[in-house]
Amino acid sequence: MDVCVLGSGSKGNCIAVSGGGTTVLVDLGLSTRQTVCRMREAGIDPSALGGILFTHDHSDHYEGIEVFSRKFDVPLYANEGTADGIDRQFPASRFAWTIFETSRSLTIGGLTIDTFSVPHDAADPVGFVFHEGDRHLFVATDLGCVTTVVRSHLEACQVAVLESNHDYEMLMASDRSYMLKQRIAGRSGHLSNDDAAELIRCSAPDTLRRLLLAHLSEECNTPQLAVSTMRRALDAAGREDVAVTALSQNTVSERISF
Ligand SMILES: [Zn+2]
Ligand SMILES: [Zn+2]
């Protein structure tokens with residue numbers, strides 16, 4: 001299996017996952033021009049995609065859908081809440097959705113994908129675990145807190161894409177409104193560096209080798225801070241073997257094969 005993050009952050013999210021001869025995208029939050037350009041940079045052919053899976057109905061996760069789906073004939077996968085939420089934003093378009101039920105697994109080509117509920121202020125937000133044989137990839141990019149369900153899906157994964165949105169002190173010191181700070185830090189908002197580190201410190205499976213920190217706030221976090229917070233937690237847990245990288249809004253990540 002391999003994973004390449006085309007962009008991650010509040011201005012647009014898109015992750016390419018390949019396995020079993022199939023490549024899919026998780027979310028389509030960049031413009032179509034950017035998505036295609038970054039896919040080519042990563043060596044992925046946009047016209048050969050097996051599908052696009054949507055995590056939830058926030059625009060930083062579906063921004064490119066209208067133009068992309070007009071240009072490329074790619075199956076679109078979402079649960080009903082997410083599909084309805086996205087449809088409402090594009091009343092002139094009729095997207096041909098393949099609807100999945102949250103908590104059920106689906107198969108796209110050679111990839112099996114588990115879907116699981118995450119706490120976030122959208123219609124029916126989900127995370128995914130991708131399986132190809134004994135290779136497992138965890139993806140959860142927008143979640144306000146860690147639940148037992150989230151924790152259990154980390155099990156046996158070699159690579160995890162996990163939100164590390166903000167540094168709590170930086171968020172509180174920022175000039176954002178009180179309401180917005182409460183939303184971001186709340187249980188249906190976004191995971192802080194400390195929250196992400198705590199999850200990994202307590203629940204990183206022995207199999208974990210790579211951790212990709214996602215959806216970093218540009219104002220209330222820095223890649224150095226996110227990585228060092230996670231590094232400290234891993235080292236304290238005796239997990240020097242796990243490599244940590246912060247993902248970026250503007251550049252394509254390395255392509256990680258495992
Ligand atoms: Zn988001
Ligand atoms: Zn969101």
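Two residues are in contact here if their C-beta atoms, placed from the backbone, lie within 7 Å. Keep that in mind as we walk through this structure, which is a predicted model.

Let us begin with L216, a good place to try out the idea of contact. L216 sits in the loop between β12 (210–214) and α8 (223–236). Setting aside neighbours within four places in sequence, L216 is in contact with G9, S164, N165, N221, P223, A226 and A246. Is L216 buried or exposed? It has 26 C-beta neighbours inside 10 Å, so L216 counts as buried. S248 is 32 residues away from L216 along the chain, yet the C-alpha atoms of the two are separated by 7.6 Å.

Now go back to the beginning of the chain. Strand β1 (residues 2–7) pairs with β2 in the antiparallel sense, over 5 bridges, and one of the matched pairs is V5 with I15 of β2. The hairpin of β1 and β2 has 6 residues between the strands, and G9 in this hairpin takes a positive phi near 150°. This is the G9 that appeared among the contacts of L216.

On its way onward, β2 is joined to strand β3 (residues 22–26) by 5 bridges, and these two strands also run antiparallel. Here V17 has V24 in β3 as its bridge partner. The hairpin of β2 and β3 has 2 residues between the strands, with G20 at a positive phi near 55°.

How enclosed is β2 itself? Strand β2 covers residues 14–19, and 6 of its 6 residues are buried, so the strand is largely enclosed by the rest of the structure. This holds for both faces: C14, A16 and S18 are buried on one side, and I15, V17 and G19 on the other.

Helix α1 (residues 32–41) comes next, and its buried residues are T35, V36, R38 and M39. The cover over them includes β1, β2 and α2 (65–71). Just after α1, G43 takes a positive phi of about 80°.

Further along lies an open sheet of 7 strands, in the order β7-β8-β9-β10-β11-β12-β13, with mixed pairing. At its edges stand β7 (105–108) and β13 (243–246), each with a single partner strand, so one side of each has no neighbour in the sheet. On average, neighbouring strands of this sheet are turned by 20° against each other, direction ignored. Within the sheet, strand β11 (residues 159–163) and β12 run parallel and are joined by 5 bridges, with V159 opposite R210 in β12. Helix α8 packs on the sheet, touching β12 and β13, and its direction makes about 160° with that of β13.

In soluble globular proteins, nonpolar side chains tend to be buried together. In this model the largest nonpolar core has 67 residues, and those with the most contacts inside it are I15, L137, L213 and M230. Beyond its neighbours within four places in sequence, M230 is in contact with S164, A196, A197, I200, L211, L213 and V244.

Finally, take a look at two backbone details. Most residues other than glycine have a negative phi. S103, in the loop between β6 (97–99) and β7, has a positive phi near 85°; with 12 C-beta neighbours inside 10 Å, S103 counts as exposed. A156, in the loop between α4 (148–153) and β11, has a positive phi near 70°. With 15 other C-beta atoms within 10 Å, A156 is partly exposed.

Terms used: Residues are numbered from 1 along each chain as its sequence is written. Chains are lettered from A and ligands numbered from 1 in the order in which they are written. A residue is buried if 20 or more other C-beta atoms lie within 10 Å of its own, exposed if 12 or fewer, and partly exposed in between; C-beta atoms are placed from the backbone. Helices (H or I, at least four residues) and strands (E, at least two) are DSSP runs, numbered from the N terminus. Two strands pair if DSSP finds at least two bridges between them. Axes are lines fitted to C-alpha atoms, for helices over the stretch in contact, and angles run from 0 to 180 degrees between N-to-C directions. A nonpolar core is a set of buried Ala, Val, Leu, Ile, Met, Phe, Trp, Tyr and Cys residues joined through C-beta atoms within 7 Å.
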